[in-house]
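Work through these short exercises with the structure open beside you. Try each task before you read its solution.

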Amino acid sequence: KYLLMRKDQEIMVMTAAKMFYFDMNTFEAAWNHHTPPIFYFFKLIFQFADFVNIYEGFFILYSALLISINILLYKLIYKLTDSNFVSLLFSLLFIFDISHTTAGEAILFDNRTIGIVFQILLLLYSFKIIENLDQRNVVIWSLITSLCVFFLESYAVSLFIIYVFLVYKLGKFFLIYSQATFFISTAIYGLILHLNNELYETIQLNYIFHLFGTIRKRLPIEVFLNNGLFKQSDPVSWSSFFFIISVILLILFIFVQKFKNIYKTKKYIFEIVYIFFLAEIIHLIFSGPRFINYFQLVLLFVYLLPIATLFYLFRNFKQQEFIMFLSFIFLFFMFSFDNLNEILLYRFNNHQKVSNLTSEQKELVDYINKSNFDSSEIPELNYIWGLDNNFEIYFRTNSLPSTRMWWWFNMYYIESSGYIFDSDKFYSKNFEDIFISDLNRESPKFIIIQKNFISEPYFLKKHIEENYLLSHEIEGFKIFKIND
């Protein structure tokens, strides 16, 4: 098995696994600052595979997402170009690129990858309501917008800009039906969260925490631009080149009428695309960007605009399709070259196992696996007090982190420099009661304390003294087993 997940993906998958195996809602499985629909989406993994075979289920869901993006992107490019040939080539190329480590060192599959699906759907239905302003299209557009915000709340920034533009463009009819749809869909969503006992935590841990508890740190622009659509390269950064080209095209479209005319009868459609691109740049700045994978907010547009513009620049040439094919070949080999090491390692070398485990962690994994005499497919609950690079231990021991605080404690005690935990806020209070209550209810088989790490809270020490015995000690870890 290959360790291709990043930390965010590990958190998503382990939270979804706890929800599936122990019939928990999102915030019973883990306190986190993402919205519940994301975790229910990842929970679909366990319709295809159990936790022992997590990678198989992960790749099935990932493949389904890629196929969806491929089909939708084909429709989008066709709408922009009226060319089946160009739509087929470049929709496949986009999938090839994002499936080969474009915005990081592992699989590109997180919240903002799902966001690409919403972006394409919103573009397609924006075109529909521009061409045919009827009730059905407005309601569908509004439902997609609502779902996007329910999944990914920060997208409200860019979608608000698009919404204001469309209200200005389409008038009262669009305003009335969209507002009615927003109100009804939000009421239904709130009711579902309430019935599932997730409404209060969603408000407190997601919306309020993001507003008041998240520090808006920013990556240096050169670090940001050197990742994303292409990997950093020397001496030319392809992602910087494509991003800058896209911004130049945006400026030309806004200020140069002659440039706008190259799109001929598709001007009104490209107007929506460019406005959406501008909105996502604003969204990107508003959200930090705090991490490299935030580049996915503009990834679709940085890819789409140069290619579509190239198509129109050569529209009057007899060899237009041949030129586009050469462009496809050039980009294909450039993608492949940039990702050659990862392709060789993860796709063709079946004998090499990729693991981040230290020798001490491997010894810990061996001990836990030897102590688990039953071969149940249902994961056991354990708890590790230590760095988040211990998450792989859960996967390799068929176990899941006990208590809903397993990730929140990491944020509170270890990554506190990136967050603000005001003592009067819900997300900063009652840790002890909630944590101990979960430990008493879930009774994890092992509690593992990492040595040379920050001292565990007094209430965890007390619980271990009263309910656990020191079972084993290895370099780097103390292993406590529940006292039956």
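**Exercise 1. Find the main contributor to the nonpolar patch.**

Task: Which helix gives the largest share of the nonpolar patch?

Solution. This is a predicted model. Helix α12 gives the largest share, three residues. Now look at the whole patch. I251, I254, F255, V256, L278 and I282 make a nonpolar surface patch of about 530 Å². Two elements give two or more residues to it: α12 (238-255) and α14 (267-286). Next, pick out F255, which sits in helix α12. Its relative accessibility is 66%. Exposed means over 50%, so F255 counts as exposed.

**Exercise 2. Check the length of a helix.**

Task: What span should helix α9 have, and what is the distance between its end C-alpha atoms?

Solution. Helix α9 covers residues 172-195, which is 24 residues. The rule is 1.5 Å times one less than the number of residues. That gives an expected span of 34 Å. The end C-alpha atoms are 35 Å apart, which agrees. Now see which residues of α9 are buried. Among them are F174, F182, Y189 and L193. Their cover includes α3 (36-43), α6 (111-131), α7 (135-151), α8 (156-170) and α10 (199-212). After α9 comes N197, with a positive phi near 55°.

**Exercise 3. Compare two salt bridges.**

Task: Where in the chain are the partners of the D82 and K266 pair, and is K266 buried or exposed?

Solution. Side chains of opposite charge can pair when their charged atoms come close. The side chains of D82 and K266 form a salt bridge, at 3.3 Å from N to O. D82 lies in the loop between α4 (54-81) and α5 (84-98), while K266 lies in the loop between α13 (257-260) and α14, 184 residues apart. Buried means under 20%. K266 has a relative accessible area of 9%, so K266 is buried. D82 is at 43%, so D82 counts as partly exposed.

Turn to the next pair. E271 and K169 meet in a salt bridge at 3.2 Å, N to O. E271 is in helix α14 and K169 in helix α8, 102 residues apart. The whole structure has nine salt bridges. Some join up: R404, D438, R441 and E442 are linked in a network.

**Exercise 4. Look inside.**

Task: Which residues have the most contacts inside the largest nonpolar core?

Solution. They are F42, F90, W141 and W408, in a core of 148 residues. Take F90. Leaving out residues up to four places away in sequence, F90 touches L73, I77, Y303, I307, M324, S327, F328 and L331. Finish with the chain: 56% of its 484 residues count as buried.

Conventions. Residues are numbered from 1 along each chain as its sequence is written. This is a predicted model: local features need pLDDT of at least 70, side-chain atom pairs count only at pLDDT 80 or more; totals for chains, interfaces and linings use all residues. Side-chain values use heavy atoms; hydrogens and water are left out. Patches are made of residues with over 30% relative accessible area and no salt bridge: like charges are joined within 9 Å, nonpolar side chains (Val, Leu, Ile, Met, Phe, Trp, Tyr) within 5 Å. Accessible areas come from the Shrake-Rupley method with a 1.4 Å probe; for residues, only the protein chains shown count as cover. A salt bridge is a side-chain nitrogen of Lys or Arg within 4 Å of a carboxyl oxygen of Asp or Glu. Helices (H or I, at least four residues) and strands (E, at least two) are DSSP runs, numbered from the N terminus. Buried means under 20% relative accessible area, exposed over 50%, partly exposed in between (1.4 Å probe, protein chains only). A nonpolar core is a set of buried Ala, Val, Leu, Ile, Met, Phe, Trp, Tyr and Cys residues joined through side-chain atoms within 4.5 Å. Contact means heavy atoms within 4.5 Å.
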